[in-house]
Each structure stands twice: as structure tokens, then as C-alpha cells.
Amino acid sequence: MYVVMNQLHVPVEGRENVANRFANSGEKMKGINGCLDFMFLHPEDESHYPVVLTKWESKEDYLAWIHSDEFVNSHKQRRDNLDKSPTQSNEIFAYEVKHSI
Ligand code: HEM
């Protein structure tokens, strides 16, 4: 199992907007091969950043999604409207799962 988190560097005033951009993502990610879970995490402590959490059957499934049209399309809106997106930058954290329930 493989976990990838994307930390979105969004100022506090843009977080509602960014959360709304992910409103339909759960349904979309259900259809992606090997994707076991998706969560958009809003931080309790506002000094922390929102995080997109994804869980995969394997690293190969994650890499296949990253190179798919679905991935490109789901990030297209942001690319095309870069000036309107409150996300300033991001940081990816990837993990191999060693233990789980
Ligand atoms: C390269 C930098 C990236 C940035 C700045 C970024 C930012 C965003 C933003 C703002 C959205 C919402 C869609 C929109 O506003 O158009 C989105 C969608 C999403 N991102 Fe990223 N993202 C990046 C790469 C990644 C990576 C590597 C992952 C892997 C975990 C990821 C996971 C997701 C997921 C699961 C969605 C929802 C997909 C959907 O609705 O179909 N993103 N991303």
C-alpha cells in the first residue's frame, strides 16, 4: 500500500475556495484504478496547511494516475485559472505503508 499527500500552501482567506474546488473529487477518485481513499483535510490549527490525502494499492497505481488524462483534467482548471487559484505552491509527501489495520 502507498500513501501520497499533497500539502497545499494556501493563505487562510483562500481555504474555503480551495476546499470547494475539491467538492466532487471524492466521487471522481472512486473511479480511479487502485485508489483506495481520498480525503481533503482542512487543518484544525490554522498555522498548518490543507492536505490532499490519497491511498493506493501500489505505487504503480499512483504513477499510472499521475500520467493519466484524469489527472491532467482535474488539474487543468487550476492551470487555466492560475491567477484565480489561491494555492501558491505545494509539497508532496509519499510513503510506503509498513503497518495498518
Ligand atoms: C503539482 C502540483 C499540484 C498542485 C499545485 C495541486 C493543486 C490542486 C488543486 C488546487 C486541485 C483542485 C482542482 C482545481 O482547483 O482545479 C487539485 C486536485 C487534486 N489533486 Fe492536486 N495538485 C498538484 C499535484 C497533485 C499530486 C502530485 C497529487 C497526488 C496526491 C494531487 C492530488 C489531487 C487530487 C486527488 C485532486 C482531486 C482530483 C479530482 O477531483 O479529480 N495533486 N490539485
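**Exercise 1. Place Gly26 in the predicted model: in which helix does Gly26 lie, and is Gly26 buried, partly exposed or exposed?**

Solution. Begin with the secondary structure, where Gly26 belongs to helix α2 of this predicted model. Next take the relative accessible area of Gly26, which is 28%. Buried would require a value under 20% and exposed a value over 50%, so Gly26, at 28%, is partly exposed. Finally, look along the chain to Met39, which is 13 residues apart from Gly26, and whose C-alpha atom is separated from that of Gly26 by 7.3 Å.

**Exercise 2. Describe the surroundings of the ligand: where does the ligand sit, which elements give two or more residues to its shell, and which residues come nearest?**

Solution. The first step is the site itself, and here the ligand is found in the largest pocket. The elements that each supply two or more residues to the shell around it are β1 (2-9), α2 (25-30), β3 (51-56), α3 (59-66), α4 (69-80) and β4 (89-96). Of these contributions, the largest share comes from α4, with 5 residues. The second step is the composition of the shell by class, which comprises 11 nonpolar, 8 polar and 3 charged residues. The third step is to pick out, from the 22 residues around the ligand, those that come nearest, namely Asn6, Arg21, Phe22, Ser25 and His75.

**Exercise 3. Examine the N and O atoms of the ligand: how far are its oxygen atoms from the side chains of Arg21 and Lys28, and how far is a nitrogen atom of the ligand from the side chain of His75?**

Solution. Start with the oxygen atoms of the ligand, one of which is 2.4 Å from a side-chain N or O atom of Arg21. For Lys28, the distance between a side-chain N or O atom and a ligand oxygen is 3.5 Å. Then turn to nitrogen, where an atom of this kind in the ligand is 2.9 Å from an N or O atom of the His75 side chain.

**Exercise 4. Compare three loop residues: where do Pro43, Thr87 and Ser68 lie, and which residues do Pro43 and Thr87 touch?**

Solution. Take Pro43 first, which is placed in the loop between β2 (35-41) and β3. Because its relative accessible area is 12%, Pro43 is buried. Leaving out residues up to four places away in sequence, Pro43 touches Arg15, His48, Tyr49 and Pro50. With Arg15, which is 28 residues apart along the chain, the C-alpha separation is 9.8 Å.

Thr87 is located in the loop between α4 and β4, and its relative accessibility of 10% makes it buried. With the same exclusion of residues up to four places away, Thr87 touches Leu8, His9, Val10, Val18 and Arg78.

Ser68 comes last, in the loop between α3 and α4, and it too counts as buried, at 13% relative accessibility. A polar atom of the Ser68 side chain lies 2.6 Å from the backbone oxygen of Trp65.

**Exercise 5. Characterise Glu91: in which strand is Glu91 found, and with which residues is Glu91 in contact?**

Solution. Glu91 is part of strand β4, and with a relative accessible area of 40% it is partly exposed. Setting aside neighbours within four places in sequence, Glu91 contacts Met5, Asn6, Gln7 and His9. As a last step, consider Val51, which is 40 residues apart from Glu91 along the chain and has its C-alpha atom 9.4 Å from that of Glu91.

Terms used: Residues are numbered from 1 along each chain as its sequence is written. This is a predicted model: local features need pLDDT of at least 70, side-chain atom pairs count only at pLDDT 80 or more; totals for chains, interfaces and linings use all residues. Side-chain values use heavy atoms; hydrogens and water are left out. A residue is near a molecule or strand if one of its heavy atoms lies within 4 Å of it. A polar contact is a pair of N or O atoms within 3.5 Å; within protein, one must be able to donate a hydrogen and the other to accept it, and residues adjacent in sequence count only if both atoms are side-chain atoms. On a 1 Å grid over the protein atoms alone, a cavity is a set of points where a 1.4 Å probe fits but cannot get out, and a pocket is an open set with protein on both sides within 12 Å along at least five of seven lines; lining residues have an atom within 4 Å of a point. A molecule sits in a cavity or pocket if more than half of its atoms lie within 2 Å of its grid points. Helices (H or I, at least four residues) and strands (E, at least two) are DSSP runs, numbered from the N terminus. Ala, Val, Leu, Ile, Met, Phe, Trp, Tyr, Cys and Pro count as nonpolar, Asp, Glu, Lys and Arg as charged, and the others, Gly among them, as polar. Buried means under 20% relative accessible area, exposed over 50%, partly exposed in between (1.4 Å probe, protein chains only). Contact means heavy atoms within 4.5 Å.
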